[in-house]
Amino acid sequence: MKNSVRREEKDVFDAYLAKNHLKRSDQREAILDTFLRSDRHLSVDDLLQLVQRRRPDIGRTTIYRTLKLLQAAGLAQELALDGESRFERDYKREHHDHFICKSCGAIFEFTSPEIERLQDEIAADIGFAIEGHRHQIYGFCRSCTARSSRPEARR
Ligand SMILES: [Zn+2]
Ligand SMILES: [Zn+2]
C-alpha cells in the first residue's frame with residue numbers, strides 16, 4: 001500500500017475523531033498505524049499481538065474500541081466469522097468477497113463481475129434495491145485439504 005493512501009487514512013481518522021469530539025491519542029495512532037501496515041484480515045487478538053510488540057501498554061479493550069471507531073470512520077470493515085470477527089482495511093478498496101478456511105482460518109479474496117451482474121439482474125427482477133452484500137464462502141483451503149487426506153492424519 002502506498003504511503004500517500006496511509007496518510008489519507010490517518011487524516012480521515014483525525015477528522016472523524018474531531019467531528020465526534022474524541023481525543024487523538026498516541027495509543028489510537030499506534031493501533032491505526034499497525035492496522036494499516038498489516039493490511040490483512042485481523043482478529044482483535046491478532047492486532048493485539050502486533051500492537052504489543054511495540055506498545056505492550058495497550059490492552060485488548062482499547063484495540064477493540066479503536067477498531068470500532070475505524071469501522072465507524074469508514075476505514076475498517078468487519079467480517080463476522082464463526083465465533084470470531086476479523087477486520088480489514090476498507091478505505092478506497094474495491095468491493096470483494098471471501099473464501100474462508102474453517103481449519104486454518106486462511107482467507108482468500110475474490111471479485112467476480114459475473115456474480116455481481118447476476119445479483120443485480122435478480123434484484124431487478126424482484127424489485128429489490130441492493131445496498132450491499134457479502135459473500136463468505138466456507139470450506140477448506142488446499143493445504144488443509146491435502147493435510148487431512150494424508151493417511152497419518154486420518155482417524
Ligand atoms: Zn486451511
Ligand atoms: Zn478482504
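Biologist: How much space lies in the largest pocket?

Modeller: In this predicted model, the largest pocket holds about 150 Å³ of space.

Biologist: Which residues line the largest pocket?

Modeller: The lining is made by Leu81, Asp82, Glu84, Arg86, Ile100, Cys101, Lys102, Ser103, Cys104, Gly105 and Tyr138. Sorted by class, that gives 5 nonpolar, 2 polar and 4 charged residues.

Biologist: Why is the largest pocket said to lie between domain 1 and domain 2?

Modeller: Domain 1 covers 1-93 and domain 2 covers 94-155, and both give residues to the lining, so the pocket lies between them.

Biologist: Let's turn to the metals. What are the protein donors of the zinc ion (ligand 1)?

Modeller: The SG atoms of Cys101, Cys104, Cys141 and Cys144, lying 2.2 to 2.3 Å from the zinc ion (ligand 1). Along the chain these donors follow the spacing C-x2-C-x36-C-x2-C. The pair Cys101 and Cys141 links distant parts of the chain, 40 residues apart: Cys101 is in strand β3, and Cys141 is in the loop between β5 (136-139) and α6 (142-149).

Biologist: What makes the arrangement around the zinc ion (ligand 1) tetrahedral?

Modeller: For four donors, all angles have to lie between 85 and 135 degrees. Here the 4 donor atoms subtend angles of 104 to 113°, so the arrangement is tetrahedral.

Biologist: Do Cys101 and Cys141 count as buried or exposed, and why?

Modeller: Buried means under 20% relative accessible area. Cys101 has 4%, so Cys101 counts as buried. Cys141 has 9%, so Cys141 counts as buried too.

Biologist: And which donors hold the zinc ion (ligand 2)?

Modeller: The donors are NE2 of His41, two OE atoms of Glu88, NE2 of His96, NE2 of His98 and an OE atom of Glu109, lying 2.1 to 2.8 Å from the zinc ion (ligand 2). Their spacing along the chain reads H-x46-E-x7-H-x1-H-x10-E. Glu88 lies in strand β2 and Glu109 in strand β4 (residues 107-110), so this pair ties together parts that are 21 residues apart in sequence.

Biologist: Why is the arrangement around the zinc ion (ligand 2) called irregular?

Modeller: To count as octahedral, six donors need opposite donors over 155 degrees apart and all other angles between 65 and 115. The 6 donor atoms around the zinc ion (ligand 2) subtend angles of 51 to 170°, so the arrangement is irregular.

Biologist: How do you know whether Glu88 and Glu109 are buried or exposed?

Modeller: With a relative accessibility of 1%, Glu88 falls under the 20% limit, so Glu88 counts as buried. Glu109 has 36%, which is between the 20% and 50% limits, so Glu109 is partly exposed.

Biologist: What is notable about phi in Asp39 and Lys92?

Modeller: Most residues other than glycine have a negative phi. Asp39 has a positive phi near 50°, and Lys92 has a positive phi of about 55°. Asp39 sits in the loop between α2 (26-38) and α3 (44-54), while Lys92 is in the loop between β2 (85-89) and β3 (97-101).

Biologist: What makes Lys92 exposed but Asp39 partly exposed?

Modeller: Exposed means over 50%. Lys92 has 64% relative accessibility, so Lys92 counts as exposed. Asp39 has 34%, between the two limits, so Asp39 counts as partly exposed.

Conventions: Residues are numbered from 1 along each chain as its sequence is written. Chains are lettered from A and ligands numbered from 1 in the order in which they are written. This is a predicted model: local features need pLDDT of at least 70, side-chain atom pairs count only at pLDDT 80 or more; totals for chains, interfaces and linings use all residues. Side-chain values use heavy atoms; hydrogens and water are left out. Helices (H or I, at least four residues) and strands (E, at least two) are DSSP runs, numbered from the N terminus. Buried means under 20% relative accessible area, exposed over 50%, partly exposed in between (1.4 Å probe, protein chains only). On a 1 Å grid over the protein atoms alone, a cavity is a set of points where a 1.4 Å probe fits but cannot get out, and a pocket is an open set with protein on both sides within 12 Å along at least five of seven lines; lining residues have an atom within 4 Å of a point. Grid points are joined across faces, edges and corners, and a volume is the space filled by probe spheres set on the points. Ala, Val, Leu, Ile, Met, Phe, Trp, Tyr, Cys and Pro count as nonpolar, Asp, Glu, Lys and Arg as charged, and the others, Gly among them, as polar. Domain bounds come from an automatic or database domain assignment. Donors are N, O and S atoms within 2.8 Å of the metal (3.2 Å for Na, K and Ca); water is not among the atoms, so sites may look incomplete.
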